[in-house]
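Reader: I would like to go through this structure term by term. Please set each value against the definition behind it.

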Amino acid sequence: MTYPPPSGGWNDPAWSGQQSSPPADPAPPVSGQPIPSQPTGTDPYAPADPYVADPYAGDPYAGMKQTSGQPAYGGYPPAYPNYGYAPPRKTNGLAIAALVLSLIGITSCLTAPVGAILGHVAQKQIRETGEDGEGMAKAAIIIGWIFTGLLVLGILFYVVMIVFAISMAGVSTGGTNY
């Protein structure tokens, strides 16, 4: 089965018929200028001489090493060490101590205000030094002041109960004490 020859200036190389026109030169010369000649020199695809000393014989990675003033492999600059990872920062020790003291305040109630105050001091240090631990200091402040407030409410409750018990003691005996 044969097909008619293609039309529209496109030449099918598989078609066995006569081509209507020769293929166009991809880079025609500009009028008045000479046609550039083909580059000459050694054949880049010629087999290597097996008797020439190998410049990379001692170091298998020598071809990948960067020379001065030349971009690294692939034209990209060399990768930075720890690219994408920030170096770990030191956590403020006062923030850790403040959080621990505030949490111990659940049972002892006396360490909660100390933890809250240390949390404020730790926040100031963190702002000045840029250390980590801001969240711990803030948690210590919140937990410490909540437990301090609960401690104050508990003390007030006991005082009120003692006063109430004393006032009721005089009423229950009829008001006369000898």
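Reader: What makes the approach between the side chain of serine 167 and the backbone oxygen of phenylalanine 164 a polar contact?

Author: A polar contact is a pair of N or O atoms within 3.5 Å, where within protein one must be able to donate a hydrogen and the other to accept it, and residues adjacent in sequence count only if both atoms are side-chain atoms. A polar atom of the serine 167 side chain lies 2.9 Å from the backbone oxygen of phenylalanine 164, so the distance falls within the 3.5 Å limit. This is a predicted model, in which local features need pLDDT of at least 70 and side-chain atom pairs count only at pLDDT 80 or more, while totals for chains, interfaces and linings use all residues. Residues are numbered from 1 along each chain as its sequence is written, and side-chain values use heavy atoms, with hydrogens and water left out.

Reader: Where does serine 167 sit, and why is its exposure class what it is?

Author: Serine 167 belongs to helix α3, residues 134-172; helices (H or I, at least four residues) and strands (E, at least two) are DSSP runs, numbered from the N terminus. Its relative accessible area is 39%, and since buried means under 20%, exposed over 50% and partly exposed in between (1.4 Å probe, protein chains only), serine 167 is partly exposed.

Reader: Why is asparagine 92 buried or exposed, and which side-chain partner does it have?

Author: Asparagine 92, in the segment before α1, has a relative accessibility of 2% and therefore counts as buried. Its side chain makes a polar contact of 3.2 Å with the side chain of glutamine 125, and at the start of α1 one of its side-chain oxygens comes to within 2.7 Å of the backbone nitrogen of leucine 94. Leaving aside residues up to four places away in sequence, asparagine 92 touches Ala122, Gln125, Ile126, Glu131 and Asp132, where contact means heavy atoms within 4.5 Å.

Reader: What is the exposure class of lysine 90, and which residues does it touch?

Author: Lysine 90, also found in the segment before α1, is exposed, because its relative accessible area is 61%. With residues up to four places away in sequence not counted, it touches Glu131 and Asp132. The C-alpha atoms of lysine 90 and aspartate 132 are separated by 6.0 Å, although the two residues are 42 apart along the chain.

Reader: How do you know whether the length of α1 agrees with the expected span?

Author: The expected span of a helix is 1.5 Å times one less than its number of residues. For the 16 residues of α1, residues 93-108, this gives 22 Å, and the end C-alpha atoms are 22 Å apart, so the two agree. Its buried residues are Ala95, Ala98, Leu99, Ser102 and Gly105. Seen down the axis, they fall within an arc of 105° and so line one face of α1, the arc being that of the directions from the helix axis to the C-beta atoms. Just after α1, cysteine 109 has a positive phi of about 60°.

Reader: What puts the buried residues of α2 where they are around its axis?

Author: The buried residues of α2 are Thr111, Ala112, Gly115, Ala116, Gly119, Ala122, Gln123 and Ile126. They cover an arc of only 135° around the axis, which puts them on the same side of α2. One of them, glutamine 123, has a relative accessible area of 16% and is therefore buried; not counting residues up to four places away in sequence, glutamine 123 touches Ala137, Lys138 and Ile141. The 19 residues of α2 reach 26 Å from first C-alpha to last, close to the 27 Å expected, and just after α2 glycine 130 takes a positive phi of about 80°.

Reader: How many aromatic pairs does the whole structure hold, and what makes the geometry of phenylalanine 157 and tyrosine 158 what it is called?

Author: A search of the whole structure finds one aromatic pair. The ring centres of phenylalanine 157 and tyrosine 158 are 6.0 Å apart and the planes stand at 65°, so the pair is edge-to-face. Rings of Phe, Tyr and Trp (its six-membered ring) pair if their centres lie within 6.5 Å, and planes under 30 degrees apart count as stacked, over 60 as edge-to-face and the rest as tilted. Both phenylalanine 157 and tyrosine 158 are exposed.
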